[in-house]
Amino acid sequence: MPSRKFADGEVVRGRWPGSSLYYEVEILSHDSNSQLYNVRYKDGTELELKESDIKPLTSFRQRKSGSTSSSPSRRRGSRSRSRSRSPGRPPKGSRPSVSASHQAHIKEAKKEARKEILEVKLTPLVLKPFGNSINRYNGEPEHIERNDIPHKNTQEKFPLSQESSYILTQYSLHPRREEVKLKEIDSKEEKIVTKGPTSLRTFEVTATQQKDLEFGGVPGVFLITLGLPAFLFLLLLMCKQEEPSLLNFPPPLPALYDLWETRVFGAYLLWFFLQALFYLLPIGKVVEGTPLTDGRRLKYRLNGFYAFILTSVLVGASLFWDVELYYVYSHFLQCALAATVFSVVLSVYLYARALKAPRDELSPASSGNAVYDFFIGRELNPRIGTFDLKYFCELRPGLIGWVVINLVMLLAEMKLQHRTVPSLAMILVNSFQLLYVVDALWNEEALLTTMDIIHDGFGFMLAFGDLVWVPFIYSFQAFYLVSHPNELSWPMASLIIALKLCGFVIFRCANSQKNAFRKNPSDPKLAHLKTIHTSTGKNLLVSGWWGFVRHPNYLGDLIMALAWSLPCGFNHVLPYFYVIYFTILLVHREARDERHCRKKYGLAWEKYCQRVPYRIFPYIY
C-alpha cells in the first residue's frame, strides 16, 4: 500500500477544484482506499483532494506583506465588475439589439475568457501561515522536490489561443482586484531589485540581522574567541603543577617567547600537510553528501581509516628508528600554541575567501556580522578544487593527532616514572580513546549528516575546535596521568571497562540505527520501527533506541566520557573537566537540535516530543 505524504493536522496548499489556484488548507484525514485527503479551507469549506492537488507550504514564495486574497468561496461571490466603459464600447442607448442566441454565445465566450485569465498568470497566493507552518531550515539535509517552484520563476506563463485573445480584446475583461494587487507587489519587488547592488545588500543584511544568533550573539562569540585559547593554556599549565588544585589557580604564567618555537610550528605544518597528502590519495570509496539548497550533492572520499593506518605505520617506524617522541611532551605547550596560531590564520583565510563566495554557498548559520561570521563560519563548504577544507579538518589532523598524543603521554609516563610497562590507568585511557577514534574513522560517512557539515560554516569555532581543542583537551586524562599517577585495582578497572562498553554499545547502536534508517527507510530490517511522518517527506523514529530518549547517542557519549576520566582517580577534579565540559556541550547542542527540528518539522515534532519526552537522560525532562 503506498505511503501517505502529508500528516493529519498539517497545513499545506490545496488546489481549488476547477482552477489553477492554491489556497492554504489543513489536512483533516486520509482515506487509504481512495487515496484522497479530506481538507478544510480557511473559510470552513471541507473538500476531498487528490495528493497531486496538494503541495507543501515551502513550494511557494513567502511574502513579508502577506496575501490579501480571500478564501475561494468568498471570492466567487464578491467579485466586482468594472463600471467604466471600454473605449470601444458604444453608448448605452446606441447599442444594436442582438438575438437571444447571440447573447447566449457571448455569455459562453465570456465564461471561457475568464477561465483563460485564471490560467494566463499563475502566481501562488501566499496567506499568513497558521497552525503547522513549516519554515524550511538548512540545518538538516533539505528535501527538495521536483515540483518546487524556484524563487525567480514563480510566475508560469501559458500562451493563449487566437480565439481566446480575440474574446479578451472584444469584451475588455478586467482582472480581479486580487490579481491587480499581486501585480503591484511584483512590480514593487522588481523596482527594489533594479535599484542596484547596494539596495539588495541592504535588504539582505536586514534579513540576516533578524536571525536568532547563538552563543550569546556577537558579544558572546567575541568573548569565546578570545577566551577559549587562554582557558586552554591555563588548564594545561595547571595540569603540569605538582598540586593541580583549584586553590592554586591561576598557575604561574610563562613568558610568551618561551611558548613560541619556530621549529615546533614547522613540525605542526609538516603534520598538517602530511594528513592532507593522505586525504588526496585515490583510495577509499566516494560518496555524495546531503542535498544543498540548489539541489547539488558534493562528493567526498572516505579514506580516513586508511590515513590512520598509514599514520600508524609512520609512528611505528619512528619508534623502530628511535625517534625521540618525548619531544612532543616536553614541548606540549609550544605545540598547542603552534596549532592555535595555525587555526587563527586558517580562520582569517576562510573568512576572507567567503566574502567572494556566492550567496547560495553561504552557511545558513551566517548572519552578515563580521565578528559573528568569523566565529561561526560564513561559507558552508569551502573547497580548493575537490579538497574540502572543513571535511578534512573534522577527522584528520585533530582526531588522529589525539591518538598520537596519547601514545606520546604513555611513553612519557614510562620515562618519567621509570616504568617498564605503562600503568593500568594509562592503558585504559589509551585503549578507550583509541576505540573511539577508530570507530569514528571506520564510520566516516556518518559525519556527512552531522550539524557541523550541513549547517555550521567553517570558521574559528570549527577550526580551533578540530585542530586545537580536540587533540589537546581530549588527551587531557593521559596528560594528567604523566605527572599524577594513579594505581588502579583490577576490580575497579573491571567496573570502568563495563561502564565504557555500556556507553559504547548505546552510542554505536543508536548511530548505526539512525544511519541505516537515513540511507534506506524501507529496509526490511527496520520494518519493526515506528515512525511519525513529517511534511518534508521524512519520518521521525519513535521506537528502538530513538524511542528511549531523543538523543541516545549523546547519552552513550557521556557515559564513555565518564569512563575515560575514572582511571585518573578522585584526588583532583581537573581530570573530570572533560566530563563537565562535554555535558555542557551536548546539552547546548541538544537545545540547538530542538530549535532546528521544531522549525523544520512543526506539528510532527510536537507529536514526537509527546511520544519521546526524555531528551538525553531517561526520566529527566
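Visitor: Why does Met461 count as buried?

Guide: Met461 has a relative accessibility of 17%. Buried means under 20%, so Met461 counts as buried. Please keep in mind that this is a predicted model. Met461 belongs to helix α16, residues 460–473. Its C-alpha atom is separated by 5.3 Å from that of Phe375, although the two residues are 86 apart along the chain.

Visitor: What makes the pair of Phe272 and Phe392 edge-to-face?

Guide: A search of the whole structure finds 38 aromatic pairs. In the pair of Phe272 and Phe392, the ring centres are 5.3 Å apart and the planes stand at 90°. Rings pair if their centres lie within 6.5 Å, and planes over 60 degrees apart count as edge-to-face. Both conditions are met, so the pair is edge-to-face.

Visitor: Why can we say that this pair ties together parts that are apart in sequence?

Guide: Phe272 lies in helix α8 (residues 262–280), while Phe392 lies in helix α13 (residues 389–416). The two parts are 120 residues apart in sequence, so the pair ties them together. Phe272 and Phe392 are both buried.

Visitor: Why is the pair of Tyr578 and Phe582 called stacked?

Guide: Here the ring centres of Tyr578 and Phe582 are 5.2 Å apart, with the planes at 15°. Planes under 30 degrees apart count as stacked, so this pair is stacked. Both residues lie in helix α20 (residues 577–601), four residues apart, or about one turn of the helix. An α-helix has 3.6 residues a turn, so residues three or four places apart point the same way. Tyr578 is buried, and Phe582 is buried too.

Visitor: Which charged ends sit over the rings of Tyr300 and Tyr326?

Guide: Over the ring of Tyr300 sits the charged end of Arg383, 4.9 Å from the ring centre. Over the ring of Tyr326 sits the charged end of Lys415, 4.2 Å from the centre.

Visitor: How do you know that the sulfur of Cys597 is too far from the closest cysteine sulfur for a bond?

Guide: A disulfide is a covalent bond between the sulfur atoms of two cysteines. The cut-off for the sulfur atoms is within 2.5 Å. The closest cysteine sulfur to that of Cys597 is in Cys609, 8.6 Å away, so the two are too far apart for a bond. In fact, a search of the whole structure finds zero disulfides. Cys597 has a relative accessible area of 10%, so this residue is buried. Another cysteine, Cys393, has 0% relative accessibility and therefore counts as buried.

Visitor: What do the end C-alpha atoms of α13 say about its expected span?

Guide: At 1.5 Å a residue, the 28 residues of α13 should span 40 Å. The end C-alpha atoms are 38 Å apart, which agrees. There is also a kink of about 25° in α13, centred on Trp402.

Visitor: And why is α13 described as largely enclosed by the rest of the structure?

Guide: Of the 28 residues of α13, 23 are buried, so the helix is largely enclosed.

Visitor: Where does α6 bend?

Guide: The bend is at Gly227, about 35°, and Pro229 follows within four residues. The 23 residues of α6 should span 33 Å at 1.5 Å a residue, and the end C-alpha atoms are 32 Å apart, which agrees. Among the buried residues of α6 are Gly217, Thr225, Pro229 and Phe233.

Visitor: Is Asp322 buried or exposed?

Guide: Asp322 has a relative accessible area of 66%. Exposed means over 50%, so Asp322 is exposed. Asp322 lies in the loop between α9 (304–320) and α10 (326–330). Its phi is near 60°, a positive value in a residue other than glycine.

Visitor: Why does Phe215 count as partly exposed?

Guide: Phe215 has 22% relative accessibility. Partly exposed lies between the limits of 20% and 50%, so Phe215 counts as partly exposed. Phe215 is in the loop between α5 (197–209) and α6 (217–239), and its phi is near 60°, also positive.

Visitor: How much of residues 327–352 is helix?

Guide: That span is 96% helix and 0% strand, with its end C-alpha atoms 35 Å apart. The unreviewed UniProt entry covers residues 327–352 with the annotation "transmembrane region", and residues 264–281 as well. Residues 264–281 are 94% helix and 0% strand, and the end C-alpha atoms lie 26 Å apart.

Technical notes:
Residues numbered from 1 in each chain as written. Predicted model: local features only at pLDDT ≥ 70, side-chain atom pairs only at ≥ 80, totals over all residues. Heavy atoms only, no water. Phe/Tyr/Trp six-rings, centres within 6.5 Å; stacked < 30°, edge-to-face > 60°. Buried < 20%, exposed > 50% of the residue type's maximum accessible area, 1.4 Å probe, protein only. Lys NZ or Arg CZ within 6 Å of the ring centre and 35° of its normal. UniProt positions renumbered as here; feature names shortened; annotations may be inferred. Expected span 1.5 Å × (residues − 1). Bend = angle between axes of the 7 residues up to and from the residue.
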